[in-house]
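Biologist: I have the sequence and the model open on my screen. Could you walk me through a few of its features?

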Amino acid sequence: MTVLTTLLFAALLGTGLLAQGEQAPAANQPPRPAPLALETDARQVREQLREILNKYPPEVGRILKMDPTMLSNQPYLEQYPAVQQFLAAHPEIARNPGFYLEFVRQSFDYTVPTDPRLRSIDIWSDFLEGTAVFVVIVFISSMVAWLVRTLLHHRRWLRTSRIQTEVHNKLLDRFASTNELLTYVQSSAGRRFLEAAPIPVEAATDRPIAAPLNRILWSVQAGIILVIGGFGFQYVSGRVIEEVAQGMWTLGVLATAFGLGFIAAGAFSFVMSRRLGLLDPPAPLRDAEHGDSPVV
């Protein structure tokens with residue numbers, strides 16, 4: 001019985017030492033790392049930040065991009081609670097502001113965007129802005145040129161009228177008596193001379209077209225140009241990206257509407273001018289009314 005107890009105790013002791021020997025190497029091994037949580041996509045975080053900043057004035061994003069230290073400035077971020085909470089939940093934004101604030105555009109930021117759609121939008125925006133500046137410059141230059149031309153013509157007309165008045169006075173002073181003056185005035189040459197208006201500035205061959213007809217032709221010409229330009233904008237709008245196509249299609253519709261309005265106004269003016277007798281008849285008809293036969 002004593003021998004059996006001794007053998008059992010030795011067996012249990014050997015089993016315990018063997019278990020400790022097996023567990024000792026395991027204790028020396030480094031602990032296994034816990035499975036990493038699925039990281040959020042950085043681009044998704046950037047899009048969420050874009051949506052939050054769009055709710056605030058554009059200056060907020062520009063300030064954060066210009067001075068990244070403001071991303072951790074709590075007194076400043078307290079004015080924008082949504083931004084503050086989002087930055088607190090995503091501290092990686094403060095560590096890499098260049099990536100997460102890439103979509104923020106500043107007035108002095110001349111970097112070329114990597115997205116082709118953004119590049120196309122910038123190109124068309126610059127083109128439309130340049131076109132608007134060009135149109136404004138042309139309009140102002142035309143108005144200045146018209147004012148200068150009108151002023152020069154008026155001064156020339158005043159000088160010519162003064163000379164003609166002096167000629168009239170000198171000619172009348174040469175008559176010795178009243179009878180000679182009456183005789184000259186009663187003659188056809190004297191009546192034409194005394195009733196003559198100041199000499200026109202433009203030459204006789206440069207006589208402009210009648211005013212109503214001139215306006216009608218100008219209106220029709222402007223209308224045709226606007227209609228063709230509107231069709232051109234609408235044609236191009238179908239071959240560009242969606243963001244640009246909407247603006248070009250709107251410009252095309254407006255240009256076409258204004259052009260048709262000019263043409264309709266010209267047609268209405270022509271009809272009303274004919275009914276009111278404001279249009280000058282053709283040259284052969286005027287000669288026939290005065291009894292002169294047209295030259296063949």
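Modeller: Happy to! Let's start with a term: a contact, or touch, means heavy atoms within 4.5 Å. This is a predicted model, where local features need pLDDT of at least 70, side-chain atom pairs count only at pLDDT 80 or more, and totals for chains, interfaces and linings use all residues. Residues are numbered from 1 along each chain as its sequence is written, and side-chain values use heavy atoms, with hydrogens and water left out.

Biologist: Which residues does Ser219 touch, not counting residues up to four places away in sequence?

Modeller: Ser219 sits in helix 11 (residues 211-237); helices here are DSSP runs of H or I with at least four residues, strands are E runs of at least two, and both are numbered from the N terminus. Leaving out residues up to four places away in sequence, the residues touched by Ser219 are Phe262, Ile263, Ala265 and Gly266.

Biologist: Is Ser219 buried or exposed?

Modeller: Buried means under 20% relative accessible area, exposed over 50%, and partly exposed in between (1.4 Å probe, protein chains only). Ser219 has 9% relative accessibility, so Ser219 counts as buried.

Biologist: How far apart in space are Ser269 and Ser219, C-alpha to C-alpha?

Modeller: Ser269 belongs to helix 12 (residues 242-276) and is partly exposed, with a relative accessible area of 31%. In sequence, Ser269 and Ser219 are 50 residues apart; in space, C-alpha to C-alpha, the distance is 9.6 Å.

Biologist: Why do the buried residues of helix 2 lie on the same side?

Modeller: In helix 2 (residues 42-53), the buried residues are Val45, Arg46, Leu49, Ile52 and Leu53. They lie on the same side of helix 2 because they cover an arc of only 120 degrees around the axis, taken from the directions from the helix axis to the C-beta atoms. On the other side of helix 2, the exposed residues are Arg43 and Glu51.

Biologist: What covers the buried residues of helix 2?

Modeller: Other helices contribute to this cover. Included are helix 3 (58-66), helix 5 (81-89), helix 6 (92-95) and helix 7 (97-100).

Biologist: And for the whole chain, how many helices are there?

Modeller: From the N terminus on, the elements run α-α-α-α-α-α-α-α-α-α-α-α-α. Of the 296 residues in the chain, 16% are buried. The chain has 0 strands, and its helices number 13.

Notes: Expected span 1.5 Å × (residues − 1).
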